[in-house]
Each structure stands twice: as structure tokens, then as C-alpha cells.
Amino acid sequence: MAAIIKKDSLDFLTDLSKNNNREWFNNHKGRYIEARDNIIDFADALLGEMNKHDHLETLSGKKSVYRIYKDVRFAKDKTPYNTHWSASFKRATKKKRGGYYFRIEPGNSGLVAGFWGPDADDMKRIRQDIDANYADWKHLLGEITLVETFGPMYGERLGSAPRGYAKDHPAIDLLRYKQFMLRCLFTDEKVLSPDFLATINEVFKKTRPFLDFMSEVLTTDMNGVDLTGQ
């Protein structure tokens, strides 16, 4: 039987959002543990399916799932708990860049895949490639499967042109991105459906042309020379 997200794993989050305090949480610790274990089992099953079509370095579902406890030291919102479940998988080896992330939250569930924190060197290399090969980028991002599944590329953007690039550059819309991700949202009904594991796996699989394209960019120089040493 395929792993499923149980209804109480969502209902627990709904109740937690209304009672986000330590006393309520401690009084419902059993529900939390059962829901957390359900998400870990789901993540473990998803990891197994995804390793059939990609190579991930994340070792287990337990390693992938984020803690429900918030770090509130520097936060304006001092409520102690996250009101969503989330997990991420990292691609393995220096040649396979990017990662996968999913979030389970009543009314706000979804996944993203891509590059949400490029460092300065990666950002420079990405923008160099957009500048030189923007037609290839537009072709990739305009591919019908990507557009129908994810819509436009998702991520934070600069308010203007990055330093060193003209405001009227033909690819200014791409050059302004600071994050490079594909996103797909799911209804609560879909999250709770028996085929959600297969659905999320197939959607992640559809991100591979994007991930592999950007991996190629980030692991070679402008002359196509391998930078990984592998």
C-alpha cells in the first residue's frame, strides 16, 4: 500500500494554528508524534521513488523533514511552532545541482524544485549564461510541459537590473531573478488522496530538464569546460 498523508496530519496543523502555544502542544503531544511519523513515512516513500529517476544524497525521510519547533530568537512572530510540515531532498554529486522541497499546510500545500539560495559565484555564472544564451533559457522555460505544470519561473527578483547589465537587456526579466525555482500547488483534497505520492513524484520528475539544464550551467565555464573535476 502506498504511503498517504493522513487527515489528522492536516487537522493537527489546523488546530495548532489556532492554539500555537506550548501548553496546548504539550497536551496534544501524542497527536503531534503520530502526525510527524506519518510525514516521515511519506517522505521516506517519496525518497525511494525519486531515487529511481534521480540520485539524491538525502539519506532518509527522517533526515529530510524539518523540525516543527521555530527559532524565534530574532523573529517578530514569537509563536513557538511552525504550522506546516516540510521536507527537502538534495541531489547527489557535484554534477547534479539543485534540490527538491515540499510543504504540507491546510490550504497552502505545494512543492518547489530548483535553486533557492545561489551563492555569489553561482549567481554570477547563471547571469553570465543568461546574458550569452538567453534564447536557450527562454526556450527551456517556454517548454509546454513546464508551463502547463508550473507556470512562470518562481523566485525573488531584484527591483531593477543587476550591476553590470543594461535595463533594456533582452533578457532583463530573467537577469533580475535571485532565486530559480519551479512551483506547483496542491489542494487539501489532492494531498489526502491515495495517489498523492505518485502525483508529487511525477511532478518532481517533470522538473528534471530544468534542473539538469542549470546543473550544466553551474558545473561548466563559459567554454563548456568541466569545473567539478569529476
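**Exercise 1: a helix pair**

Work out how α3 and helix α9 (residues 196-205) are arranged in this predicted model, and which residues make their contact.

*Solution.* Start with the geometry: α3 and α9 pack at an angle of about 45°, and their axes lie 10 Å apart. Next, classify that angle. Roughly parallel needs an angle under 35 degrees, and roughly perpendicular runs from 65 to 115. The value for this pair falls in neither class, so α3 is oblique to α9. Now for the handedness: the two helices cross in a right-handed way.

With that settled, list who touches whom. From α3 come F42, A45, L46, E49 and M50, while α9 brings F196, L197, I200, N201 and F204. Sort them by class and you get 8 nonpolar, 1 polar and 1 charged residues. Glu counts as charged, so the charged one is E49 of α3. Keep N201 in mind, a contact residue on the α9 side.

**Exercise 2: H53 and its partners**

Find where H53 sits, decide whether H53 is buried or exposed, and name its contacts beyond the sequence neighbourhood.

*Solution.* First, locate H53: this residue is in the loop between α3 (29-50) and α4 (61-64). Then check the accessibility. Its relative accessible area is 17% and the cut-off for buried is under 20%, so H53 is buried. Next, skip the neighbours within four places in sequence; what's left in contact with H53 is N201, K205 and R208. Finally, look at the atoms: the side chains of H53 and N201 make a polar contact at 2.8 Å. That's the N201 we met in the contact of α3 with α9.

**Exercise 3: two more loop residues**

Place T93 and M153 in their loops, and say how accessible each one is.

*Solution.* Take T93 to begin with. You'll find T93 in the loop between β1 (85-90) and β2 (99-104). A relative accessible area of 38% falls between the 20% and 50% cut-offs, so T93 is partly exposed. Have a look at the backbone too: phi of T93 is near 75°, a positive value in a residue that isn't glycine.

On to M153, which belongs to the loop between α6 (144-150) and α7 (172-175). Its relative accessibility is 8%, so M153 counts as buried. What surrounds M153? Leaving out neighbours within four places in sequence, the contacts are L141, L174, Y177, F180, M181 and F210. As a last step, compare sequence with space for M153 and I33: they are 120 residues apart along the chain and 36 Å apart, C-alpha to C-alpha.

Note on methods
Residues are numbered from 1 along each chain as its sequence is written. This is a predicted model: local features need pLDDT of at least 70, side-chain atom pairs count only at pLDDT 80 or more; totals for chains, interfaces and linings use all residues. Side-chain values use heavy atoms; hydrogens and water are left out. Helices (H or I, at least four residues) and strands (E, at least two) are DSSP runs, numbered from the N terminus. Buried means under 20% relative accessible area, exposed over 50%, partly exposed in between (1.4 Å probe, protein chains only). A polar contact is a pair of N or O atoms within 3.5 Å; within protein, one must be able to donate a hydrogen and the other to accept it, and residues adjacent in sequence count only if both atoms are side-chain atoms. Contact means heavy atoms within 4.5 Å. Axes are lines fitted to C-alpha atoms, for helices over the stretch in contact, and angles run from 0 to 180 degrees between N-to-C directions. Angles under 35 degrees count as roughly parallel, over 145 as roughly antiparallel, 65 to 115 as roughly perpendicular and the rest as oblique. A crossing is left-handed if the near helix is turned anticlockwise from the far one by less than a right angle, and right-handed if clockwise.
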